[in-house]
Amino acid sequence: MNLVIGIDLGTTNSAAAFLGPDGAQIIPNALGDRLTPSVVGVDESGTVLVGAAARELQVLRPERCAGLFKRYMGTDRKLTVAGRTFIPEELSGLVLRSLKADAEAFFGHPVSRAVITVPAYFNDRQRKATIAAGKIAGWTVERILNEPTAAAIAYGFHEAGADKKLLVFDLGGGTFDVSVVELFEGTLEVKASSGESALGGEDFTRAVAARVLLGLGESFEQVEARSPKRVSRLVQQCERAKCALSRDVVAAVRVPAPDGEFKPGTPQVTVTREQLEAWVSPTLARIELPIRRVLGDARLTRDQIDEVILVGGATRMPLVVNRVAALLGKEPRCRLNPDEVVALGAAVQAGLVGRAAAVEDLVVTDVAPFTLGVEISKDLGAEVRDGYFDPVIDRNTTIPVSRVKRYSTLVPNQRMIRVKVYQGESRRADENLSLGEFEVRGIPPGPANQPVDIRFTYDLNGVLEIEATVVATGKSVTHVIAKHAQGMTESEIRAAVAAMAKLKTHPRDEEANRFVLLRAERVFEELPSELRDVLGRLLDGFEAALAGQDPAVIARHREALERFLAAYDADGADPNGGDE
Ligand code: ADP
Ligand code: MG
């Protein structure tokens, strides 16, 4: 089967796409939406929910849900959902499994091959965690692709033959990535990447929540410690207001009471776009340094950038557009939908992997996001000092790449050296991320300065292979960082797959019903009492219909409920609804 799916596994939203005869196309999920929120929940019956239904449940029962887990990929952090412990790979795995079910329903046959995107700034461990999550979900992960690269591919593919330099500015819910990409003669080359792994629209939403509380004489941290439900409610209100303010100049935030409920007379705070912009400006200022760094690394001035491309939902904010325009001296463009462009580019790359005829002549190259090297000792004359980091592959080197560097023994009759591998930019080895270490034995006895060649080979998936050769004997040792204990082992992945298989899930054709029910329950608690009666009756009717199991009756009641919700929840923060 040559079909390969492109997946944007986002911090906030995920999407799947494929390369069809008319170009890259988004695969809708069970609700018909083009984006699936990266949220996982476990409902009262112990059943796992993924996506929009989980996001609804998260507002009322935050302890039963997890989101933003992409931020913890590649760490040892565990997350508790409804009393059950998950590792980030499992939660991402559930999102990826849900996208797999959507793709299979869309095509009507099993699919198993995928290209999955990650922020360019993801380190080796985070990339491996993403591959593990894919495996847990049953995908064969053909390629890990940097998100800005994917976005550039989506644009490059539409502009075959173009010759220009692009700056890709991606501000999503939780991560910020910026890359300089050069397009020429059908080749797409990433010149440099930079970014921040914890900066995005969520931070803006929290800033709004904090300022709203401050205006009422309360502190966000204290409220968070006391009432998670109050925070999740407030955050949902602020998220909605923030998105509305990309379009309008004022929006309202209802502040839940200390127990998290909306009561008659709960304060309603008006937020203006001007206020929002003042509140988020200090956080948004953090985009400047990575932009300067990426231009410096690419050895370009801002005037040499032909086009600035906006990616990520947070770039819908007028302030972000203006700030980017001011920093780069030109109006940014977003001809493709900023929420979908990464998945679309991943689909083009997936087409390349699956050798779709349409993309045969497109060549894509990428860069190593960090410097890779080894720890060495330096002979400073009076003393030998160890702990220095010696680069073998420099940051932003085009990959795949293979580089060899010669090192030598320090003392006479030294029979062994220990190769310690790091990634990072510090001069001191221990300030960089340790990727692993191994020993090279069998160095023949003799004077000091026996040469040992160390070769680093870094492939397109960001997986590093190191080969050390004792020059005198020609004997070599190979060490693949991918197999090292930093990532999940195959048996750990098998155990996770088995654990996932035991989780209860709703049948796919019931997902829309679950979502509407949870959304209605969330909205119910927000309504004034006279409207509660109306919604209560609609809910009763829908629940009775569900119990009766007649599809036509269920559909009729669901539509009535949806009409009511659409009217009440009109300017909600539906990420699929914000298209300009
Ligand atoms: P990620 O790449 O992190 O998964 P997305 O690119 O989907 O995220 O962006 C999600 C972020 O975009 C959220 O923080 C959301 O609040 C924000 N967002 C979406 N639409 C808008 C809008 N109209 N105005 C402001 N922010 C928006
Ligand atoms: Mg994204």
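How far is an oxygen atom of ligand 1 from a polar backbone atom of G313? The gap is 2.9 Å, which fits the cut-off for a polar contact (a pair of N or O atoms within 3.5 Å). The model is predicted, so to speak of local features takes a pLDDT of at least 70, side-chain atom pairs count only at pLDDT 80 or more, and totals for chains, interfaces and linings use all residues. Residues are numbered from 1 along each chain as written, chains are lettered from A and ligands numbered from 1 in written order, and side-chain values use heavy atoms, with hydrogens and water left out.

T12 and S246 join in too. A backbone N or O atom of T12 sits 2.8 Å from an oxygen atom of ligand 1, while a side-chain N or O atom of S246 is 2.6 Å from a nitrogen atom of the ligand. Taken alone, ligand 1 has 580 Å² of accessible area, and the protein covers 92% of that (Shrake-Rupley method, 1.4 Å probe).

Around ligand 1 there are 18 residues (a heavy atom within 4 Å). By class, three are nonpolar, 11 polar and four charged; Ala, Val, Leu, Ile, Met, Phe, Trp, Tyr, Cys and Pro count as nonpolar, Asp, Glu, Lys and Arg as charged, and the others, Gly among them, as polar. Helix α7 gives the largest share, three residues (helices are DSSP runs of H or I, at least four residues; strands are runs of E, at least two).

Elsewhere, β7-β5-β6-β28 is the order of an open, mixed sheet of four strands (strands pair with at least two DSSP bridges). β7 and β28 stand at the edges with a single partner each, so one side of each has no neighbour in the sheet.

Technical notes
Polar contact = N/O pair within 3.5 Å; in protein donor to acceptor, adjacent residues only side chain to side chain.
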